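This report considers the cysteines and the surface patches of the structure shown below. The sequence and the coordinates should be consulted alongside the text.

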Amino acid sequence: MLIASLPAGAVAASSDYARAREAYQAHDPVLARALYEGLVAAGVDHPDLFYNLGTACLAAGELGCAAHNLEQALRRDSRAEDIRGNLALVHAEVALRVPDRMTSAERRGRLDRVLGWVSMDGVATFFLIAEILAMAALAWLLVARARRRRRGIAVVAVVVLCSLALALGLALWAARRELDVVSHGIVLVERGRLHAAADPHSEVRAPVHAGLRVVVLGQEGGWLRVRLANGGQGWVAREAVGILD
Amino acid sequence: MWRNWYGCWLGLGVLATLLCLSASEAWAKRPLAFTLEVTPSAGDEGEQFTATVHLELSGVAGPERYVRPDFWDFHVIDSTTRQTTDSVIEDGRQRLRYVEVHSYLLRPKTTGRLRIGPAKVVVGSGEFETRPAWLRVGPTSAALGGADTPPVAAADQAAADPTAAGERAPGFVPPATQHGEDVFLHVVTTTSSPVVGEQVTVTWLLYARAEVLQVAFRPLDDLDADVHRLFAPASHLEYFDVQIGRVPYRTAVVAKVAVFPRTAGPLFVPPLVAEVVTPGVPMDRPRLIESPSLPLSVAPLPATSRADFDPAYVGEVSLRARLDRTELRADEALTLHLRVTMKGAIQRTTIPELFIEGFRVRAPADYREELEVVDGQVRGQRDYEYWMTPLSEKVTEVPAIELPFFDPGLGRYRVAASDPLAVSIHPLPVAQRAVPEPGLLAAAPLRAGDTIATQARRRLDRRAWYRWAIAMPPLMLVVFAVGLTWQRRRHRNSPALRRQRHQRARAAALRRARLHLEEADGSSFYGALSRAVLDYVEASTDLSLGAATRSVMRDQLETKFRGPELVGQLLSFLDHCDRCRFAQAPRTRAEKIGDHEWAERLLDALEAGELAPLGPHRQGGAP
């Protein structure tokens, strides 16, 4: 993972990265977490960093922080088994600590589940290949029509390849929208509240717990308007939710 | 001159006569009696006065119009009217009289010398009025602070709530004066400006002058608040006697609820609707009465700095905590029993989340709850059980658990706290300490490596070159299609393509001639043959030869083809075909085949470009 040319800031980042690892191995996950968070604040964006930070939070017992950073890592490396394993551990620990949690809000959407298993790079690659082949088939059809030759095979090829390209294109568009347009967040606090209004004294609609995935609909002052997986909507304090980017 | 005077006197006389006649008519309709009397004529501000208007008319007909007196300085508490007709003997003769009496129960608004305006009546063509009445109203004895003014005893205060001996109506306020209603519903509340979550007790009372034979209440409409029923009559209403003004009523509490507003702002308690049957009201068509809607102005809770405040905790809260064990090992757990007692809507509260230093706390999934109503106040208690494990052997106590709440009685926040609980944590044996946390043991380790890249590899679809890669194939296809179309148009008019078209057309024409040959249709055969040659010549030379004469054809063809002999052969063949079409003696099949072959050779020669004259074409046969 060494980079050939690193700016001066990156040298300090690598030093903190090594120190964080040493701290974790010395059973000091709190220091490790602080060092990793410093790297994130400095702008380092790597799935390994988020994974290590999430693991350090898990070791420190900070389930919300662990879930948030592991989800960040999963966004960048969706096929990694170690990330999935630690994330499952976080959810299990939350289930132990918060038995009265709202389980109906924990289920992930269908598209979200699919994105967890499908590689975006693979979809993009297949779409590009299918598009090129579809264009080639269309060109073949044009030539066959111009030369008054038999076009049956060309038509079949065009239909098949264009359908495949269209399907892959739609899948890519939906995945991009879900990942890049819709704003998702993870609840950071172990036990929080979903309010009816952006007011701590307003009616509490439902409890929220660490690791719960929410869709962020808007912001007003220090409050976020969110939607849960079970459709419930309400307001949560800004500091209680970590945005996924 | 005397005529003018005479006329003037005559007119005056007529006028006077008319006046007298009208006056006599009015006099005939004049009330026999029309008076206004007020009793008593003097009193104090708290007394009630009765004004009576007495009207007597001869005959049986009443007045055309009656205008009651002006009671500007008085409240009209009640009014009654009585009309009768009776007969009297006057001067030996029986006469009929119409009597109308209006009575008004009054309460003065102010003190001093107060006036009651005259009553007016229109009878026939005349209008009559009474004299006004004057009263002297002094201040009440209590306002004067007289020595003999008795203090208001507690018993008298309690008597303000007429139902105090039975189901009480907290916050009772007597109803305002009613307008002759014999049955009505009155509503009272403990406060009209509560804070969010504060209990507001709303009580409905039924007032009736007549006997209530049957009453049924409709359910209250929903409102944006938690409602807890405090009272509903089981089988019968408990009535108490009361007076409104001087009018006797009987009253009973019919419903009482505790309302806990959820949000700040205006809140309207909907009216209570009842179906009442009194004497004179059919049982199957009860009378509908409803109480007025009750407006409340709900104030928000004041700001607090405590982030752990649950807005449902409004009232009075107390905590009690105990542990199921006070000595345990570092790897064991203990249970914290927490009892929350509250005056207020405890059913709205959520499970308190506890952060106890030195312990890992797992909140309970459920709880035991008990609710009761004591003296009109909703109360409740909940028992929670928290499962806790110590994080360190150095922990010596469970600190006091605090629960902030808002006390509406004091108008400020308070904190309910339990007592700290002592606990003793025994350390684990040495060998056991090496066993790490099971959760950490299961976690995957950190990723290897002591350095990290500043930025990870970007997703493929987010790279700039990918967008170009997506856009290029359709663009290239469009360019390809445009180029192909242009090339096809260009090629369509090329000499080679034209030559191909001519050859195809020529071959098709000769095939058609062959068909006619096979069908033994000599006329059509030679027609098709000459048509084939002529079409080919026209297509290859862009000449229109259909209607031209032979000499015009010769001139035009010699400009296109080199070799005038060939042109001559062509024209001779055309003439030969024309003759054979209409010949009396048809040609033989062999001769026709020979003509067909000769036509092919002729066309080949025309196409070859390097033209050489063919052998002379013999008249009537192939060369």
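The cysteines are treated first, and the charged and nonpolar surface patches follow. The model is a predicted one.

**Cysteines**

Over all chains, the count of disulfides comes to one. The bond joins A:Cys57 to A:Cys65, with the two sulfur atoms 2.0 Å apart. A separation of 2.0 Å satisfies the criterion for this pair, because a disulfide requires sulfur atoms within 2.5 Å. Both partners lie in chain A. A:Cys57 counts as buried because its relative accessibility is 0%, and A:Cys65 likewise counts as buried, at 8%.

In contrast to this pair, B:Cys577 takes part in no disulfide. The nearest cysteine sulfur to that of B:Cys577 belongs to B:Cys580 and is 6.6 Å away. Seen from the other side, the closest cysteine sulfur to that of B:Cys580 is in B:Cys577, and the 6.6 Å between them is too far for a bond. B:Cys577 is buried, with 0% relative accessibility. B:Cys580 is buried too, at a relative accessible area of 12%.

The accessibilities of these cysteines are collected here.

| Residue | Relative accessibility | Class |
|---|---|---|
| A:Cys57 | 0% | buried |
| A:Cys65 | 8% | buried |
| B:Cys577 | 0% | buried |
| B:Cys580 | 12% | buried |

**Positive patch**

Which residues gather in a patch of positive charge on the surface? Chain A contributes A:Arg145 and A:Arg151, while chain B contributes B:Arg488, B:Arg489, B:Arg492, B:Arg501 and B:Arg504. Within chain B, helix 6 (464-492) and helix 7 (495-518) each supply at least two residues of the patch. Helix 6 of chain B gives the most, with three residues.

B:Arg492 is one of the members of this patch and is found in helix 6 of chain B. With a relative accessible area of 44%, B:Arg492 is classed as partly exposed, because that class spans the values between the buried limit of 20% and the exposed limit of 50%.

**Nonpolar patch**

A nonpolar patch on the surface is made by A:Leu111, A:Val114, A:Trp117 and A:Val118, and its area is about 350 Å². Among these residues, A:Val114 is found in helix 6 of chain A, which covers residues 110-117. A:Val114 is partly exposed, its relative accessible area being 43%.

Technical notes
Residues numbered from 1 in each chain as written. Chains lettered and ligands numbered in written order. Predicted model: local features only at pLDDT ≥ 70, side-chain atom pairs only at ≥ 80, totals over all residues. Heavy atoms only, no water. Buried < 20%, exposed > 50% of the residue type's maximum accessible area, 1.4 Å probe, protein only. Patch = residues over 30% accessible without salt bridge, like charges linked within 9 Å, V, L, I, M, F, W, Y side chains within 5 Å. Areas by Shrake-Rupley, 256 points an atom, 1.4 Å probe, with all protein chains shown as cover. Salt bridge = Lys/Arg side-chain N within 4 Å of Asp/Glu carboxyl O. Lys, Arg positive; Asp, Glu negative; His and termini not counted. Charge placed at Lys NZ, Arg CZ, Asp CG, Glu CD. Helix = DSSP H or I, 4+ residues; strand = E, 2+ residues; numbered from the N terminus.
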